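Hi,

Here is the structure I promised to pass on to you. Please open it alongside this email, and my notes follow just below.

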Amino acid sequence: MSAPTQEERKACWGARDEFWQCLDSHADDASKCAELRQCFEARCPQQWVKYFDKRRDFLKYKRKLETEGYHPPETAGKS
């Protein structure tokens, strides 16, 4: 696979941003953003799609930690 051109990268990032905005506005209901997801997958290399999906999950987790703080899970059988 050859490296994407500047135009291909911009198209990929634009499709990603539109998809993420849709998810944000629909409380992460992917069924309402299926068309944008298909566009995102069509414009980006598969490895990039996987990376961006993980990146979004990480950013949501990080934002949650910053707003709510860390709450360790309750462990069963404390001594």
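Cysteine 22 and cysteine 33 are both buried, and a disulfide joins them, with an S to S distance of 2.0 Å. Please keep in mind as you read that this is a predicted model. The torsion about the S-S bond of cysteine 22 and cysteine 33 is -90°, and the link is left-handed. This pair connects distant parts of the chain: cysteine 22 sits in helix α1 and cysteine 33 in the loop between α1 and α2, eleven residues apart.

How many disulfides does the structure hold? There are two disulfides, and the other one joins cysteine 12 to cysteine 44, with 1.9 Å from S to S. Here the torsion about the S-S bond is about 110°, so the disulfide of cysteine 12 and cysteine 44 is right-handed. Cysteine 12 belongs to helix α1 and cysteine 44 to the loop between α2 and α3, so this pair ties together parts that are 32 residues apart in sequence. Cysteine 12 and cysteine 44 are buried. Counting the bonded cysteines along the chain, the disulfide pattern reads 1-4, 2-3.

And what about cysteine 39? The closest cysteine sulfur to that of cysteine 39 is in cysteine 44, at 8.5 Å, which is too far for a bond, because a disulfide needs the two sulfur atoms within 2.5 Å. Cysteine 39 counts as partly exposed, because its relative accessibility is 23% and the buried class stops under 20%.

Next, the nonpolar core. The largest nonpolar core has eleven residues: Cys12, Ala15, Phe19, Trp20, Cys22, Leu23, Cys33, Phe40, Cys44, Val49 and Phe52. Helices α1 (6-25) and α3 each supply at least two residues of this core, and α1 gives the largest share, six residues. The cysteines of both disulfides are in the list, namely Cys12 and Cys44 together with Cys22 and Cys33.

Now to the aromatic rings. The count comes to four aromatic pairs. In one of them, the rings of phenylalanine 40 and phenylalanine 52 have centres 6.3 Å apart and planes at 40°, so the pair is tilted. Phenylalanine 40 lies in helix α2 (residues 34-43) and phenylalanine 52 in helix α3 (residues 46-68), so the pair ties together parts that are twelve residues apart in sequence. Phenylalanine 40 is buried, with 0% relative accessibility, and phenylalanine 52 is buried as well, at 7%.

Phenylalanine 52 also pairs with tryptophan 48: this aromatic pair is edge-to-face, with 6.4 Å from centre to centre and 80° between the planes. Both residues lie in helix α3, four residues apart, about one turn of the helix. Tryptophan 48 is partly exposed, with a relative accessible area of 23%. Taken together, Phe19, Phe40, Trp48, Tyr51 and Phe52 form one aromatic cluster.

What does phenylalanine 40 touch, not counting residues up to four places away in sequence? The list is Cys12, Ala15, Arg16, Phe19, Val49, Phe52 and Asp53. Of these, Cys12, Ala15, Phe19, Val49 and Phe52 are also members of the largest nonpolar core.

Arginine 16 may interest you too. This residue lies in helix α1 and counts as buried, at 16% relative accessibility. Over which rings does arginine 16 sit? The charged end of arginine 16 is over the ring of phenylalanine 52, 4.6 Å from its centre, and arginine 16 also lies over the face of tryptophan 20, at 5.3 Å from the ring centre. Leaving aside neighbours within four places in sequence, arginine 16 is in contact with Phe40 and Phe52.

One other arginine is on my list. Arginine 56 lies in helix α3, and at 10% relative accessibility it counts as buried. Apart from neighbours within four places in sequence, arginine 56 is in contact with Trp20, Leu23, Asp24 and Asp28. Two of these contacts, Trp20 and Leu23, also appear in the largest nonpolar core.

All the best

Key: Residues numbered from 1 in each chain as written. Predicted model: local features only at pLDDT ≥ 70, side-chain atom pairs only at ≥ 80, totals over all residues. Heavy atoms only, no water. Phe/Tyr/Trp six-rings, centres within 6.5 Å; stacked < 30°, edge-to-face > 60°. Buried < 20%, exposed > 50% of the residue type's maximum accessible area, 1.4 Å probe, protein only. Lys NZ or Arg CZ within 6 Å of the ring centre and 35° of its normal. Core = buried A, V, L, I, M, F, W, Y, C linked by side-chain atoms within 4.5 Å. Contact = heavy atoms within 4.5 Å.
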